[in-house]
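Student: I would like to learn how to read a protein model feature by feature. Could we begin with strands and how they pair?

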Amino acid sequence: MSEVIVIGGGIIGMLTARELHNAGVDVLVIERGPLGGESSWAGGGIISPLYPWRYSRSVNQLAEISKTIYPGLAQQLQDESGVDCELITSGLLFTSLEEQQQAENWAREWSVELQTVTDAQHIHEIEPQVSTAIETGLWLPDIMQIRNPKLVKAMKGSFDAVGIKYLEHTPVDGLVIEAGVIKGVNTASDTFTADKVIIASGAWSSGFIKGERNVAVEPVKGQMIMFRGEPGLIRRMVLSSGHYIIPRKDGRVLAGSTLERTGFDKTVTDVATVELRRAALEIIPALGDMEIERQWAGLRPGTEQGIPYICMHPEIDGLYINAGHYRNGVVLGAASVRLMAEMVLGQKPSIDPSPYALDAEH
Ligand SMILES: Cc1cc2nc3c(=O)[nH]c(=O)nc-3n(C[C@H](O)[C@H](O)[C@H](O)COP(=O)(O)OP(=O)(O)OC[C@H]3O[C@@H](n4cnc5c(N)ncnc54)[C@H](O)[C@@H]3O)c2cc1C
């Protein structure tokens with residue numbers, strides 16, 4: 001018997017468990033594969049929505065809270081696990097002024113530093129490797145990134161260090177509900193009982209609840225390629241026409257990503273390799289000299305507007321949902337697990353929870 005069972009050990013499930021454990025709750029994470037092996041491993045780790053001004057206030061609110069949490073969280077995870085998640089402030093350069101007004105309004109509203117860059121020399125001072133064809137842009141110097149595989153490794157290490165319980169390679173087959181009250185979950189071989197259950201199963205989160213009052217989350221495949229480069233050659237994250245470049249500390253450079261609605265299929269394709277490479281070279285021509293070391297795909301937990309579900313189920317007592325973070329699970333995650341924990345603990349929510357309710361627009 002546990003007080004809380006979390007279904008799914010991606011970044012959302014792991015951070016939720018950590019938050020509850022820190023509040024003194026006995027929590028068990030049940031994960032179908034290895035902890036952090038799905039979208040949370042595959043992502044780019046940009047700690048900002050890609051065009052934040054295109055998102056609702058409810059998304060930006062979580063993003064801005066998370067940004068304040070990450071530096072401390074990364075340090076704590078490193079202290080507990082010995083793993084450096086490579087949280088770095090590499091800034092984010094947008095290579096277009098098309099949405100300048102919206103961006104400036106957004107930056108003012110959320111007190112984010114944003115510089116409008118109107119001459120080529122300045123843009124090449126920010127990122128010397130950017131194509132000479134790029135002459136203007138918007139520069140957000142404070143945007144951070146984190147390295148996903150290291151983040152999930154650090155979280156697993158921290159689970160071991162602080163004693164958070166988890167089961168890997170154990171799919172949850174269904175919920176145990178009696179007279180409208182959650183009692184636990186079933187796996188192939190066992191029933192695990194708990195007072196509360198949290199669905200944090202990413203793209204698979206729609207599979208547990210029957211009937212109309214369900215979450216509307218669907219998988220959206222994202223493919224990424226990784227170049228092997230020299231440390232320090234490219235220093236800034238750059239975003240151009242929906243394609244982005246993320247330089248890591250060790251010189252590897254990620255270029256992403258596709259948006260594909262092809263069900264639960266994670267196959268990588270040659271078409272994506274060619275398209276991602278073409279777009280990447282248009283941004284940073286020097287990538288043309290680098291070998292593509294790896295390509296992968298992850299399944300984002302897609303919602304229509306990218307607004308996650310962070311709520312209690314209105315009809316099943318003790319059942320909670322923290323899912324549907326779509327393209328922003330890392331940047332929204334740290335704040336959304338705080339709100340989830342407040343709900344589970346019966347505390348007054350620190351932000352208005354209504355946009356994340358089951359019946360709200362997502
Ligand atoms: C290419 C790509 C780039 C991205 N870039 C960024 C970015 O730069 N910044 C950002 O913030 N976000 C980014 N994202 C999105 C982000 O990765 C996701 O929003 C986030 O990882 C979702 O976390 P999660 O824990 O909800 O899902 P997941 O990581 O998918 O975890 C869900 C877990 O639930 C488990 N599960 C499912 N069903 C069951 C079951 N029946 N029983 C037990 N366990 C189960 C799964 O095995 C899985 O491990 C990106 C995603 C992709 C694919």
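Tutor: Two strands pair if DSSP finds at least two bridges between them, and the elements themselves are DSSP runs numbered from the N terminus, helices being H or I over at least four residues and strands E over at least two. Please keep in mind that this is a predicted model, in which local features need pLDDT of at least 70, side-chain atom pairs count only at pLDDT 80 or more, and totals for chains, interfaces and linings use all residues. Residues are numbered from 1 along each chain as its sequence is written.

Student: Which strands pair with β1, and in which sense, parallel or antiparallel?

Tutor: Strand β1 (residues 2-7) pairs with strand β9 (residues 191-199) in the parallel sense over five bridges, and in that pairing S2 stands opposite A194. Strand β1 also pairs in the parallel sense with strand β2 (residues 27-30), over four bridges, where I7 has I30 as its bridge partner.

Student: In what order do the eight strands of the open sheet run?

Tutor: The order is β4-β5-β3-β11-β12-β13-β10-β14, and the pairing is mixed. Strands β4 (115-117) and β14 stand at the edges with a single partner strand each, so one side of each has no neighbour in the sheet. Neighbouring strands are turned by 20 degrees against each other on average, direction ignored, where the axes are lines fitted to C-alpha atoms (for helices over the stretch in contact) and angles run from 0 to 180 degrees between N-to-C directions. At one edge, β4 and strand β5 (residues 137-140) pair in the antiparallel sense over three bridges, with V117 opposite G137.

Student: How should I read a backbone angle that looks unusual?

Tutor: Most residues other than glycine have a negative phi, and most peptide bonds are trans. Here S111, in the loop between α4 (100-110) and β4, has a positive phi of about 55 degrees although it is not a glycine. Likewise S241, in the loop between β11 (237-240) and β12 (243-247), has a positive phi near 50 degrees. The peptide bond from G256 to S257 is cis, with omega near -20 degrees.

Student: Are S111 and S241 buried or exposed?

Tutor: A residue is buried if 20 or more other C-beta atoms lie within 10 Å of its own, exposed if 12 or fewer, and partly exposed in between, with C-beta atoms placed from the backbone. S111 counts as exposed because it has 7 C-beta neighbours inside 10 Å, and S241 counts as exposed because it has 11.

Student: Where does helix α8 bend?

Tutor: The bend at a residue is the angle between axes fitted to the seven residues ending there and the seven starting there. Helix α8 (residues 329-344) bends by about 30 degrees at A335, and 14 of its 16 residues are buried.

Student: How many residues surround the ligand, and which are the closest?

Tutor: A residue is near a molecule if its C-beta atom, placed from the backbone, lies within 6 Å of it. The ligand is surrounded by 42 residues, of which G8, G10, G43, G202 and G329 are the closest. Elements giving two or more residues to this shell include α1 (11-22), β10 (218-228) and α8. Domain 1 (2-81 + 148-215 + 305-356) and domain 2 (92-142 + 218-302) both give residues to the shell, so the ligand lies between them; these domain bounds come from an automatic or database domain assignment.
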